[in-house]
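User: Hi! Could you walk me through this one? I'll throw short questions at you as we go.
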Amino acid sequence: NRYQCLCEKGYEGDGEKTCDDINECRDNVSRCHQHAICKNRDGSFDCQCKSSYQGDGVHQCFDIDECAFEDKNNCTKGDLCVNRSPGFECMCSPGFVRVGATCQDKDECAGSDSRQCHANAKCHNTAGSFSCRCKAGYEGNGRECSDVDECAQGSANCSHNTLCVNREGSFACECQAGKVTNGTDGCVDEN
C-alpha cells in the first residue's frame, strides 16, 4: 500500500518532514472586512474589527456610535458629541468656546458680537446665548428699538402749566409761552 502524508489545512510543506504555518494575513489569503485586522493563528487566522467598529470582522464591521453611550466617549458637560467613522469628536455647543479641555460660555456681549443689538439697546449675556433689551425710553425687540413718545402715551409726569416735549429716548416738561418755571410747582406767569 502506498500512502501520502499531507499537511493539514492552514499549513504547508511536504507533509512528511515539515508542515509550517501559513500566514494568511501576510499572504492576503484572509477575507477580512476593510475595517478589520487580520490576526494570524497557528494553522488559521481571525478577523477582528478595528477600534470603534463592531461586527464579525469578516462580513461586517460597522461604526460604533460612541456618542450614544456615555461610557464610550469622554465629552464633558457643555460638549456636543459628534459621531465620526471611526471615533467621535467633542465639540462645543453653539454659544460656547473651547478653553483647554472644556467648553466655556462665550460672552456675545463683548467685542464685535454686541453689534447684533440695536444702538439703543443693551446686550445681556446668558449661558450659551444672549439677549438684547431696549434701553429706557425705547421699545422693541432689542435688535430694533424705536423711541417711546411718553407725551403721546400719557406716561410723562409733567406738572400743571407745562408742555410735554418728546425727546429721543426721553421727554422734557417745558413752560408754555409767557410762563417760567418756579422750580417746584411747575410754571407760573412771567410777571
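User: Which residues make up the largest nonpolar core?

Analyst: Happy to help! It consists of seven residues: Cys117, Ala121, Phe130, Cys132, Cys134, Tyr138 and Cys145. A nonpolar core here is a set of buried Ala, Val, Leu, Ile, Met, Phe, Trp, Tyr and Cys residues joined through side-chain atoms within 4.5 Å. Strand S12 (residues 129-134) gives the largest share of this core, three residues. Strands are DSSP runs of E with at least two residues, and helices are runs of H or I with at least four, numbered from the N terminus.

User: And what should I know about the model itself?

Analyst: It is a predicted model, where local features need pLDDT of at least 70, side-chain atom pairs count only at pLDDT 80 or more, and totals for chains, interfaces and linings use all residues. Residues are numbered from 1 along each chain as its sequence is written, and side-chain values use heavy atoms, with hydrogens and water left out.

User: Back to the core for a second. What does Cys132 touch?

Analyst: Leaving aside residues up to four places away in sequence, Cys132 is in contact (heavy atoms within 4.5 Å) with Gln116, Cys117, Lys122, Asn141, Gly142 and Arg143.

User: Plenty of cysteines, then. How many disulfides does the structure hold?

Analyst: There are 13 disulfides, each being a pair of cysteine sulfur atoms within 2.5 Å. One of them joins Cys92 to Cys103, with 2.3 Å from S to S. That link is left-handed, at -95° about the S-S bond. Cys92 sits in strand S8 (residues 88-92) and Cys103 in strand S10, so the disulfide ties together parts 11 residues apart in sequence.

User: Is Cys103 buried or exposed?

Analyst: Buried, with a relative accessible area of 11%. The cut-offs are under 20% for buried, over 50% for exposed and partly exposed in between, using a 1.4 Å probe and protein chains only.

User: How about the pair of Cys67 and Cys81?

Analyst: Cys67 and Cys81 are joined with 2.0 Å from S to S, and their link is left-handed too, at -80° about the S-S bond. Cys67 lies in the loop between strand S6 (62-63) and strand S7 (79-83), while Cys81 is in strand S7, so parts 14 residues apart in sequence are tied together. Cys67 is partly exposed at 25%, and Cys81 is partly exposed at 22%.

User: Why is Cys5 not bonded to Cys19?

Analyst: Because their sulfurs are 8.4 Å apart, too far for a bond, even though Cys19 holds the closest cysteine sulfur to that of Cys5.

User: New topic: how do S9 and S10 run?

Analyst: Strand S9 (residues 96-99) and strand S10 (residues 102-105) run antiparallel and are joined by four bridges; strands count as paired if DSSP finds at least two bridges between them. Val97 has Gln104 as its bridge partner in S10. The two strands form a hairpin with two residues between them, and Gly100 in the turn has a positive phi of about 65°.

User: Nice. Which residue forms a salt bridge with Arg98?

Analyst: Asp79, with the closest N and O atoms 3.5 Å apart. Arg98 lies in strand S9 and Asp79 in strand S7, so the pair ties together parts 19 residues apart in sequence. Arg98 is partly exposed at 36%, whereas Asp79 is buried at 14%.

User: How many salt bridges does the structure hold?

Analyst: Five, counting a side-chain nitrogen of Lys or Arg within 4 Å of a carboxyl oxygen of Asp or Glu. Among them are Glu174 with Arg167 at 2.5 Å and Lys179 with Asp189 at 2.8 Å.
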